[in-house]
Structures are given as C-alpha cells and as structure tokens.
Amino acid sequence: EKERRMKQAKEAKLEEEKRKKAELEKKMKAKEEASVKERELAARKEEEKRQRELRKAEMAERRRKAVEKEREEKKRKIQEEAAERKQEALRRKQELEEIKVKELEKKRLEEEHRLEEQRRAG
C-alpha cells in the first residue's frame, strides 16, 4: 500500500510537472505570437508613416511646381505687356512723325504758294 501510494504520488508529481511544463510552453508560445503581431503592427505603422511622408513630399513638390509655373506665367505676361506697350509707343511715334512730315509739307506748299503769289504781284 505504501509503495502504491508513493508510486501514485510520484505519478501525480510527474503529471503536475508535465502540466506546468505544457502551461509554460503555451504561455511562451502566446508570448512569441504576441511579439510577432507587435512587430508586424510596428512594421505596418512604419510603412504607413513612410507612405504619408511620401504623399506629403509629393504634395509639396506639386505645390512648388504650381508656384513656379505661376511665377513663369506672370513673368511671361509682364514681358508680353511690356512688348505691347513698346509696340504701341513705337506706333504713336510713327504717327507723330507722319503728322510732322505732313505739316512740314503743308507749310512748304503754303510757302511756295505765297512766294508764287508775291512773284505775280511784284
């Protein structure tokens, strides 16, 4: 009887150790899985952050290009307006020159006419 009880106690002790070992392995496995999930989550968050930064950089580049395009457009418009003003000033100058030439021609004709009248009279 004593031997049987000792054998039973020994078996119970072995069963308890097996159970504890299995429980410990289960905990370790759960811990490892949690660790893997944590790493996956951290990697996913890092990738999302990288994507956000990339989109932000792309937006900044588009804004920079838009501003540059706008600046070039303003510059071109200013140059066109300056060219138009220059052309208009040149046209006005030519008109004034033509008016002066016509007035001088008119005065010359009037002077010739006056001299002709004087010769006839004198």
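Me: What is the accessible surface of the chain, and which share of it belongs to carbon and sulfur atoms?
Reply: The accessible surface comes to about 12600 Å², and 55% of that area belongs to carbon and sulfur atoms; areas of this kind come from the Shrake-Rupley method with a 1.4 Å probe, and for residues only the protein chains shown count as cover. The model is a predicted one, in which local features need pLDDT of at least 70 and side-chain atom pairs count only at pLDDT 80 or more, while totals for chains, interfaces and linings use all residues. Residues are numbered from 1 along each chain as its sequence is written, and side-chain values use heavy atoms, with hydrogens and water left out.

Me: How many helices and strands does the chain have, and why is it called more spread out than a compact globule?
Reply: The chain has 1 helix and 0 strands, where a helix is a DSSP run of H or I of at least four residues, a strand is a run of E of at least two, and both are numbered from the N terminus. The globule rule, which is 2.2 Å times the number of residues to the power 0.38, gives 14 Å for 122 residues, whereas the radius of gyration of the chain is 52 Å, well over that value, so the chain is more spread out than a compact globule. The radius is taken over C-alpha atoms, and the C-alpha trace spans about 180 × 5 × 5 Å along its principal axes.

Me: What share of the residues of the chain count as buried, and what makes Leu115 count as buried, partly exposed or exposed?
Reply: Of the 122 residues, 0% count as buried, a word that stands for under 20% relative accessible area, with exposed meaning over 50% and partly exposed in between (1.4 Å probe, protein chains only). Leu115, which lies in helix α1, has 38% relative accessibility and therefore counts as partly exposed. Its C-alpha atom is separated by 124 Å from that of Lys31, the two residues being 84 residues apart along the chain.

Me: Why is the contact between Glu61 and Arg64 called a salt bridge?
Reply: A salt bridge is a side-chain nitrogen of Lys or Arg within 4 Å of a carboxyl oxygen of Asp or Glu, and the side chains of Glu61 and Arg64 meet at 2.7 Å, N to O. The two are 3 residues apart in helix α1 (residues 2-121), and are therefore separated by about one helical turn. Glu61 is partly exposed at 32%, as is Arg64 at 46%.

Me: How do you know that Lys74 forms a salt bridge with Glu70?
Reply: The closest N and O atoms of Lys74 and Glu70 are 3.8 Å apart, and the two residues lie 4 residues apart in helix α1, about one helical turn. Lys74 is exposed, with a relative accessible area of 52%, whereas Glu70 counts as partly exposed at 47%.

Me: How many salt bridges does the structure hold, and what separates the closest N and O atoms of Glu73 and Arg76?
Reply: The structure holds 19 salt bridges, among them the one between Glu73 and Arg76, whose closest N and O atoms are 2.2 Å apart. These two residues are 3 residues apart in helix α1, about one helical turn. Elsewhere, salt bridges that share partners join Glu88, Arg91, Arg92 and Glu95 into one network.
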